[in-house]
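Let's take a walk through the charged side chains of this one. Have the model open and follow along.

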Amino acid sequence: TIDSLFRNQPVVVRLNEDGTLDSTFGTNGVAYLPIIDLDNRLNSISLLKDGRILVSGHYGKPLTTSGQFDFDLLIARLLPDGSFDTTFGINGMVIDTVSTDYVDDLFGMDTTSDNSIVVSGYTTNPDFSFDLIALKYDSTGVRDSSFGNNGLFRFDNDIQDVGYDLQVQPDGKIVLAGTSGGFFFTDRDFLLMRLNMDGSPDTSLGGTGYTLTTILNDFDEANGMAIQSDGRILLAGKTFNG
């Protein structure tokens with residue numbers, strides 16, 4: 001929603017089965033996340049078994065001194081009534097960063113059996129290329145230092161590498177879907193990646209932990225993913241046909 005200062009304000013909305021707002025949730029059916037700047041967004045939502053609600057996306061910061069957008073990683077946890085879960089992060093929110101002065105964003109999210117949180121997205125480099133990122137947080141919102149490099153896995157294969165969807169397998173391994181390739185409408189392929197529980201690449205997939213699939217010789221992007229009961233992986237997304 002847009003607030004009174006014309007800023008994008010992330011919201012979580014709960015509806016009744018008939019499509020009406022559930023007035024018992026948040027404020028008349030809507031939970032509002034506090035913000036400080038213009039561009040804020042939620043891209044993923046997940047439910048814990050106890051009914052608590054996880055959301056993730058990006059949190060807008062003021063423009064940098066050189067006039068660049070600066071987005072940080074955003075994860076929030078709400079109680080079933082739409083109030084913030086104050087046992088998580090600071091007053092229910094975790095705002096984290098990989099690049100100090102550039103855009104970070106989250107798109108994929110899943111939880112493990114112990115309510116740890118794994119997220120995926122991208123970080124921006126000084127040359128404005130993207131690296132895929134995956135991070136793991138414990139159930140209180142603290143980075144899990146046993147995962148990757150202090151809670152962070154970073155993948156730099158090409159100019160733009162992005163993780164759009166993520167799913168934790170029953171064995172704890174993490175499967176990611178996204179894209180890897182050049183800027184804009186230059187060649188970019190479906191990316192499928194699998195990580196071990198410690199954030200290292202699972203080399204049983206493709207020999208390197210990832211595979212690239214060309215749909216058309218241009219802009220291919222895997223945005224969604226599902227894993228079948230037989231272990232086969234489905235990717236859905238888009239390709240550019242000119």
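Before the first stop, a working definition: a salt bridge here is a side-chain nitrogen of Lys or Arg within 4 Å of a carboxyl oxygen of Asp or Glu. Keep in mind, too, that this is a predicted model.

With that in hand, go to Arg14 and Asp22. Their closest N and O atoms are 2.9 Å apart, so the pair falls within the 4 Å cut-off and forms a salt bridge. How covered are the two partners? Arg14 is partly exposed, with a relative accessible area of 27%, whereas Asp22 sits at 11%. Buried means under 20% relative accessible area, so Asp22 counts as buried.

That pair has company, as a search of the whole structure turns up 14 salt bridges. Another of them joins the side chains of Arg194 and Asp202, at 2.7 Å from N to O. Here both partners are tucked away: Arg194 counts as buried because its relative accessibility is 14%, and Asp202 counts as buried at 5%.

Next, look at Glu221 and Lys238, a salt bridge whose closest N and O atoms are 3.6 Å apart. This one links distant parts of the chain, since the partners are 17 residues apart, with Glu221 in strand β15 (residues 220-227) and Lys238 in strand β16 (residues 233-239). Their surroundings are worth checking as well: Glu221 is buried, at 5% relative accessibility, while Lys238 is partly exposed, with a relative accessible area of 42%. Salt bridges can also share partners, and that is how Asp50, Arg52, Arg77 and Asp85 come to be joined into one network.

Now for a couple of aspartates in other settings. Which side chain does Asp96 meet in a polar contact of 2.8 Å? The partner is the side chain of Arg143. Asp96 itself belongs to strand β6, which covers residues 93-96, and it counts as buried because its relative accessibility is 15%.

For the last stop, turn to the surface. Asp127, Asp156, Asp158 and Asp187 form a negative patch there. Take Asp158 as an example: you'll find it in the loop between β10 (152-155) and β11 (160-168). Why can Asp158 be part of a patch? Patch residues need over 30% relative accessible area and no salt bridge. Asp158 is partly exposed at 34%, so it clears the accessibility part of that requirement.

Methods
Residues numbered from 1 in each chain as written. Predicted model: local features only at pLDDT ≥ 70, side-chain atom pairs only at ≥ 80, totals over all residues. Heavy atoms only, no water. Patch = residues over 30% accessible without salt bridge, like charges linked within 9 Å, V, L, I, M, F, W, Y side chains within 5 Å. Areas by Shrake-Rupley, 256 points an atom, 1.4 Å probe, with all protein chains shown as cover. Lys, Arg positive; Asp, Glu negative; His and termini not counted. Charge placed at Lys NZ, Arg CZ, Asp CG, Glu CD. Helix = DSSP H or I, 4+ residues; strand = E, 2+ residues; numbered from the N terminus. Buried < 20%, exposed > 50% of the residue type's maximum accessible area, 1.4 Å probe, protein only. Polar contact = N/O pair within 3.5 Å; in protein donor to acceptor, adjacent residues only side chain to side chain.
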